[in-house]
Amino acid sequence: MKDSQRKKVLVTGGAGFLGSHLCKRLLDEGHDVLCVDNLFTGTKDNILPLLENPYFEFLRHDVTFPLYVEVDEIYNLACPASPVHYQFDPIQTTKTSVHGAINMLGLARRVRAKIFQASTSEVYGDPQVHPQREDYWGHVNPAGIRSCYDEGKRCAETLFFDYSRQLDLRIKVARIFNTYGPHMHPADGRVVSNFIIQALSNKPITVYGDGSQTRSFCYVDDLIEGFVRLMGSRDGFTGPVNLGNPGEFTIRELAEKVIDLTGSSSELIFEPLPSDDPMQRCPDISLAKEELNGWEPKVHLEEGLKKTIPYFDNLLREGKYKLPD
């Protein structure tokens, strides 16, 4: 890539699950990437292969504090995204979503950068509309244990659209549905990582509720493709746009598929459903198909699990993670 075509791109949360994959993709496209992360849930292991690239830079920084750099584009991914992590310090989670958005929007305004917000399907709460379209306003508990994340992300969206309307800032907002793949944190409490680690360890697989609740699972490469297409989409298209896989599976079906693919002897055990846990979560991706050059997920669940299981298997074999007793 010619220097005149090379963009300086900031990725907050860049050492996390999604951020590390995005950093690699941007480097592969020839861009200059600044990865910012406070390493609360991200890890240097995720970005070790990138550190030798002369166009990659890592900065340990918390986005709740202002950042002064010169960039052309910003991907704002910084925020703990699993219930285990965002409920650990709910006040800080809200600050990360809200103060982080304010600081990154302020930076984008100063340097006239285009800015992408990683929002979430959690803005729909426990939806009463299925599948969820972007014009659905959601069904969210504002005072529950998940509110720090749900309402924090909803407020961040509000800030993005107000900065766009009032200050003519170029924004892109993606609502991310369940995503999985290598670099997931093994202790994030998410259903895919939980099931794989329990199965590889031949431990009982914990299913909350009766397992009939449904989720859609998007492989990380498909999601990152959506990110890049959204950032490069036509001027005037801001989103929000759903990015996820509309293929729907029950939690029990996922558990049984993981057991089959790992050859595990694990059995299913059932625990009470956590508070405010949604019963259905599935995206309508019609808008993404229309605006993002026909984008849709290509990797089926079984194929994606086959790419993900070896990552967790290596973590266990190398002693980098041990399932709690």
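Where is the place of F195? In this predicted model, F195 sits in helix α5. The residue is buried, since its relative accessible area is 1%, against a cut-off of under 20%. Beyond its sequence neighbours up to four places away, F195 touches I205, T206 and V207. It also touches I251, L254, A255 and V258. F195 is 73 residues from E122 in sequence. In space, the C-alpha atoms of F195 and E122 are 21 Å apart.

Helix α5 spans residues 191-200 and is one of the elements against which the buried residues of α9 pack. The others are β7 (179-180), β10 (218-219), β12 (248-250) and α7 (251-262). Helix α9 itself runs over residues 301-317. It has 17 residues. The distance from its first C-alpha to its last is 24 Å, close to the 24 Å expected at 1.5 Å a residue. Its buried residues are L301, G304, L305, T308, I309, Y311, F312 and L315. G319 follows α9 and has a positive phi, near 75°.

Helix α1 covers residues 17-28. Its 12 residues reach 17 Å between the first and last C-alpha, close to the expected 16 Å. Nine of these 12 residues are buried, so α1 is largely enclosed by the rest of the structure. The buried set comprises F17, L18, G19, S20, H21, L22, C23, L26 and L27. Just after α1, G30 adopts a positive phi of about 95°.

L22 of α1 is buried and also belongs to the largest nonpolar core. That core has 60 residues. L22, Y75, F116, F227 and L305 have the most contacts inside it. Helix α6 (residues 220-231) gives the most to this core, with seven residues. Apart from it lies another core, of 26 residues. V63, L105, V111 and V173 are among the residues of this other core. Leaving out residues up to four places away in sequence, L22 touches V11, Y75, L77, I224, F227 and V228. L305, another of the residues with the most contacts in the largest core, is a buried residue of α9.

Empty space was examined next. Rolling a probe the size of a water molecule over the atoms shows where such space is left. One cavity of 30 Å³ or more was counted. The largest cavity holds about 40 Å³ of space. Its lining consists of N76, L77, A78, T96, S97, G100, A101, Q117, A118 and K153. L77 is thus named both in this lining and among the contacts of L22. Helix α3 (90-111) and strand β5 (114-120) each supply at least two lining residues. The largest share, four residues, comes from α3. By class, the lining of this cavity has four nonpolar, five polar and one charged residues.

The second largest pocket contains about 260 Å³ of space. It is lined by 13 residues, of which W137, R154, E157, T158 and R175 are the closest to its centre. Helix α4 (residues 147-167) provides the largest share of the lining, five residues. By class, the lining of this pocket has six nonpolar, two polar and five charged residues.

Conventions:
Residues numbered from 1 in each chain as written. Predicted model: local features only at pLDDT ≥ 70, side-chain atom pairs only at ≥ 80, totals over all residues. Heavy atoms only, no water. Expected span 1.5 Å × (residues − 1). Buried < 20%, exposed > 50% of the residue type's maximum accessible area, 1.4 Å probe, protein only. 1 Å grid on protein atoms, 1.4 Å probe; cavity = no way out; pocket = protein on both sides within 12 Å on 5 of 7 lines; lining within 4 Å. Points joined across faces, edges and corners; volume = space filled by probe spheres on them. Nonpolar A, V, L, I, M, F, W, Y, C, P; charged D, E, K, R; others polar. Contact = heavy atoms within 4.5 Å. Core = buried A, V, L, I, M, F, W, Y, C linked by side-chain atoms within 4.5 Å.
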